[in-house]
Amino acid sequence: MKLKKNIATSEEGFIFNPSTGDSFSVNPIGTEILAFLKKDKPLDEIIEIMCEKYDVDRSIFEKDLDDFTSQLKEYTILD
Amino acid sequence: MNKNSSKNKVIVIAVTALNAIDSPGPGVAVIRAIRECPDFKVRIIGLSYESLEPGLYMHDLVDKTYQIPYPSGGTDSLMNRLKFIHEKENLDLIIPNFDAELFNFIKLKDKLNEMGIRTFLPDMEPFEARDKIKLYDFGKKHGLLVPKDKIIHNVKELSKAIDEFEFPLVVKGKFYDAIIAKTEEEAENAFYKIQAKWGLPIIIQEFIKGTEINIAALGDGEGVTISAIPMRKLYITDKGKAWSGITLDDEKFIDLAKKFVKVTRWRGGCELEVMQTGDGKSYIMEVNPRFPAWIYLTAASGQNQPASLVKMAMGEKVEPFTEYEVGKIFVRYAWDLITDISEFLKISGNGEL
């Protein structure tokens with residue numbers, strides 16, 4: 001799962017899709033996940049790192065991550 | 001003439017559409033872009049229709065203004081006025097920017113050229129082919145997606161036309177205005193409303209759901225696109241005009257503009273209004289045969305279309321641009337320009353300022 005090449009993101013959680021002109025903002029957790037996706041980190045690794053860092057139940061995080069990436073796909077931010 | 005002397009020559013350019021109001025003409029933006037180009041010096045002559053067009057009073061942009069007759073006055077009265085202005089100002093180039101005046105200027109371009117006044121306008125054939133009323137046939141001929149439409153001349157034809165479309169449909173005037181109708185009754189009301197304002201015929205058009213994208217393009221008249229900048233409106237006024245917009249990065253919009261310029265051999269500026277559907281189709285909704293009011297954004301993002309038009313009109317070879325800044329935003333603003341009654345009297349009484 002990859003972030004589209006031309007997508008611009010900021011450290012503050014702002015996303016700009018230059019192909020469509022759409023812009024979005026995400027919360028700090030979303031910003032962290034986007035940063036991983038930008039570096040092409042596999043989802044398994046992202047789950048590992050985030051669950052450990054935030055002491056969160058793996059199944060809950062997996063479901064939330066799935067929701068988040070589905071939205072990103074819907075808005076053509078992910079390939 | 002060596003390079004230095006041509007650079008030092010002052011090009012006298014007449015520009016119309018100085019009505020920088022809430023539904024703005026492009027003239028002031030065109031002048032701003034031209035003045036920012038370091039490659040030539042210019043004297044700008046404003047050509048106005050009304051005494052309160054804001055550009056008239058922007059003396060840092062416009063050196064002198066003359067009123068010209070309304071387009072409905074025809075080519076003879078326009079020519080007489082242009083001769084008078086030319087005697088005083090020795091014009092090198094005229095850039096007309098209003099849809100309604102372009103027909104007259106295109107008709108006069110050979111005569112103007114004989115007088116030593118250049119233009120950089122499309123030929124009459126492509127100018128008329130992209131007209132709203134003929135756009136569907138134009139698209140069909142050249143393999144460009146255009147929403148299906150039906151031209152009607154009286155209200156009796158409306159119900160017959162409605163049978164060919166699904167609701168919602170769009171009822172459009174021949175010059176401006178479009179109303180989305182969800183029922184036959186709404187369509188009939190829209191018909192009368194638009195007829196009262198813009199006359200006949202009326203266009204019944206298929207409704208296309210999607211995101212509106214605008215593309216400012218400049219053609220060299222030989223089929224080559226010198227520049228194409230796609231923009232999405234970020235804020236729209238109640239008149240549907242862009243109050244803010246952003247440059248986009250999508251090759252398909254640039255390719256669409258290139259195709260249009262190629263098949264029409266478009267000379268000069270134009271704006272394609274495109275509807276991008278959810279399934280990735282790009283419909284051309286309208287083609288405006290002149291620069292849009294947001295044209296300064298092309299200069300701000302690295303492709304100064306008005307300045308390139310000036311260069312080509314003056315005989316210079318201009319290479320197509322290849323890059324521009326994506327994510328460049330314009331935000332329009334309103335400003336109370338202060339002038340004096342004496343200026344208003346000059347333009348109202350003498351037709352000059």
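**Exercise 1. Determine how α2(B) and α11(B) are oriented towards each other, and which residues make their contact.**

Solution. The helices α2(B) and α11(B) are roughly perpendicular to each other, a class that covers angles of 65 to 115 degrees (under 35 counts as roughly parallel, over 145 as roughly antiparallel, and the rest as oblique). The underlying geometry is as follows: the axes of α2 (residues 27-36) and α11 (residues 305-313) of chain B come within 7 Å and cross at roughly 70°. Here axes are lines fitted to C-alpha atoms, for helices over the stretch in contact, and angles run from 0 to 180 degrees between N-to-C directions. Helices (H or I, at least four residues) and strands (E, at least two) are DSSP runs, numbered from the N terminus.

Next, the contributing residues: α2(B) supplies B:V30, B:A33 and B:I34, while α11(B) supplies B:P306, B:A307 and B:V310. Contact requires C-beta atoms, placed from the backbone, within 7 Å. By class, this contact has 6 nonpolar, no polar and no charged residues. Ala, Val, Leu, Ile, Met, Phe, Trp, Tyr, Cys and Pro count as nonpolar, Asp, Glu, Lys and Arg as charged, and the others, Gly among them, as polar.

The model is predicted: local features need pLDDT of at least 70, side-chain atom pairs count only at pLDDT 80 or more, and totals for chains, interfaces and linings use all residues. Residues are numbered from 1 along each chain as its sequence is written, and chains are lettered from A and ligands numbered from 1 in the order in which they are written.

**Exercise 2. Trace the open sheet of 3 strands in chain A.**

Solution. The strand order is β1-β2-β3, with antiparallel pairing; strands pair if DSSP finds at least two bridges between them. At the edges stand β1 (8-9) and β3 (22-25) of chain A, each with a single partner strand, so one side of each has no neighbour in the sheet.

Begin with β1(A), which pairs with β2 (residues 14-17) of chain A over 2 bridges. In this pair, A:A8 stands opposite A:F16. The hairpin of β1(A) and β2(A) has 4 residues between the strands, and A:G13 in the turn has a positive phi of about 90°.

Continue to β3(A), which 4 bridges join to β2(A). The bridge partner of A:F16 in β3(A) is A:S23. The hairpin of β2(A) and β3(A) also has 4 residues between the strands, and A:G21 there takes a positive phi near 85°.

**Exercise 3. Describe the open sheet of 4 strands in chain B and the helix that lies across β6, β7 and β8.**

Solution. The order is β5-β8-β6-β7, with antiparallel pairing. The edge strands, β5 (149-152) and β7 (178-181) of chain B, each pair on one side only. On average, neighbouring strands are turned by 25° against each other, direction ignored.

For the pair of β5(B) with β8 (residues 202-206) of chain B, 4 bridges are found. Within this pair, B:I151 has B:I203 as its bridge partner. Finally, α8 (residues 184-198) of chain B lies across β6 (169-172), β7 and β8, running at about 170° to β7(B).

**Exercise 4. State how many residues of each chain take part in the contact between chains A and B, and classify the side of chain A.**

Solution. In this contact, 7 residues of chain A meet 8 residues of chain B. The side of chain A comprises 3 nonpolar, 4 polar and no charged residues.

How values were computed: Two residues are in contact if their C-beta atoms, placed from the backbone, lie within 7 Å.
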